Amino acid sequence: MNGTVTVLDRGSVRIHSYMSPADTFHTTTQLIETPARIIAIDAQLLPAYAEEAVAYAKGLGKPIDRLIVTHAHPDHYNGAARFGVPVHALPQVTEQIIARGDSHLPTGQVITLTEFTPDVNIVPGTEVIDGVPFVFEAVSGGEAADELLIKLPEQGVLIAQDLVYNDVHLYLGNNDITGWQQLVDGLASDSGYDTILAGHGAPTGPEVYGDIRRYLDDARELLGDDGDAYKKAIVDKYPSHVGPFIIDIANRSLFPAAG
C-alpha cells in the first residue's frame, strides 16, 4: 500500500483514515465502520489511491454502504467510481462538480463527469445509519465555496475534511481567508469533539485549530501580488509541511495574470 491508514476505536464505531502519499498532498478518505457497514467519505485524486482505500475497506469484511463527497474539489471525488456505491453530496456541491466537468489529471488521464457525479442529495440534519447518529451540516466559504461537515456526537468525532489540514499547505484558491477563519473559530467553539478528521493529513485534536489560524494569518500577511514570492515565503515559514504543489494550484486562481 502506498498510502497509510490510522485506526481510531470508538466502541461500536471504528474509524479508518486512509491518507494518500505526499505526491497527492496527504488527501484523506475516511472509512467509518459501524456495526454492519462502512460509510466512505471522499474519494481521492488518483483512482489508484481510491482503489487502495476500497481494497482496505473490503478487508474489513463489511459492505461499503455509500460514498459521501464533501466538496467540489477533484482530489475528493475523482476516484468515486472505484467505490461502486451510490455517491451522496449536498445539492450545491453536486452542481459545482457538474459545472467543473471532466477531470484532467497531470498524467493526461481524463476522468469523465459520469464517473463521479453524485446521485443522492444530502439534506442537512441528523441521519441515523446502522444505529449511529450522523449529523450533516452545510457550510459556505473558506477552503471551498460549499462544504459538508459531518459530526459523530456520540463518538466525539468531527469530520471536518478540508476545513482542516494537518501539517499540509493550505489551498487558498477560493480566496476567502476571512471566511475560513470564521468557520474555524466556529468549530473551535464546539467543545464536544476531541477527535478531528482532516481532509489532508492524519487525524488530530482541537489543537489543530490554532495551527490553521496561524497559517491563515501568515498567508494574509505574505500574499502580496506575486505568487512565486508568496510560495517561497510560506514554504520558508512552514518547511515541514507537505504539498507545496497545492500552492501552485491555488496561485492559478489567486494570480491569474501570472498564469
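This is a short dialogue on reading a predicted model of one protein chain.

Colleague: How many helices and strands does the protein chain have?

Modeller: Start with the secondary structure. The protein chain has six helices and 14 strands.

Colleague: How compact is the protein chain for a globular protein of that length?

Modeller: Compare the radius of gyration with the globule rule. Here the radius is 17 Å, and the rule gives 18 Å for 259 residues, so the chain is as compact as a globular protein of that length. Its C-alpha trace spans about 50 × 45 × 35 Å along the principal axes.

Colleague: What share of the residues count as buried?

Modeller: Buried means under 20% relative accessible area. In this chain, 55% of the 259 residues pass that test. The accessible surface is about 10500 Å², and carbon and sulfur atoms own 50% of that area.

Colleague: Which residues have the most contacts inside the largest nonpolar core?

Modeller: Look for buried nonpolar residues joined through their side chains. The largest such core holds 81 residues. Those with the most contacts inside are I32, L67, F83, F134, L172 and W180. Strand β13, residues 157-165, gives the largest share, seven residues.

Colleague: What does F134 touch?

Modeller: Skip residues up to four places away in sequence. Then F134 touches ten partners by name: I32, T34, I39, G125, T126, E127, I129, I150, K151 and L152.

Colleague: What part of the contacts joins residues 24 or more positions apart?

Modeller: Take the contacts with a separation of 6 or more. Such residue pairs account for 61% of them.

Colleague: How far apart are the mean positions of the positive and negative charges?

Modeller: The chain has 16 positive and 35 negative charges, and their mean positions are 3 Å apart.

Definitions and conventions. Residues numbered from 1 in each chain as written. Predicted model: local features only at pLDDT ≥ 70, side-chain atom pairs only at ≥ 80, totals over all residues. Heavy atoms only, no water. Helix = DSSP H or I, 4+ residues; strand = E, 2+ residues; numbered from the N terminus. Rg over C-alpha atoms; globule rule 2.2 N^0.38 Å. Buried < 20%, exposed > 50% of the residue type's maximum accessible area, 1.4 Å probe, protein only. Contact = heavy atoms within 4.5 Å. Areas by Shrake-Rupley, 256 points an atom, 1.4 Å probe, with all protein chains shown as cover. Lys, Arg positive; Asp, Glu negative; His and termini not counted. Charge placed at Lys NZ, Arg CZ, Asp CG, Glu CD. Core = buried A, V, L, I, M, F, W, Y, C linked by side-chain atoms within 4.5 Å.
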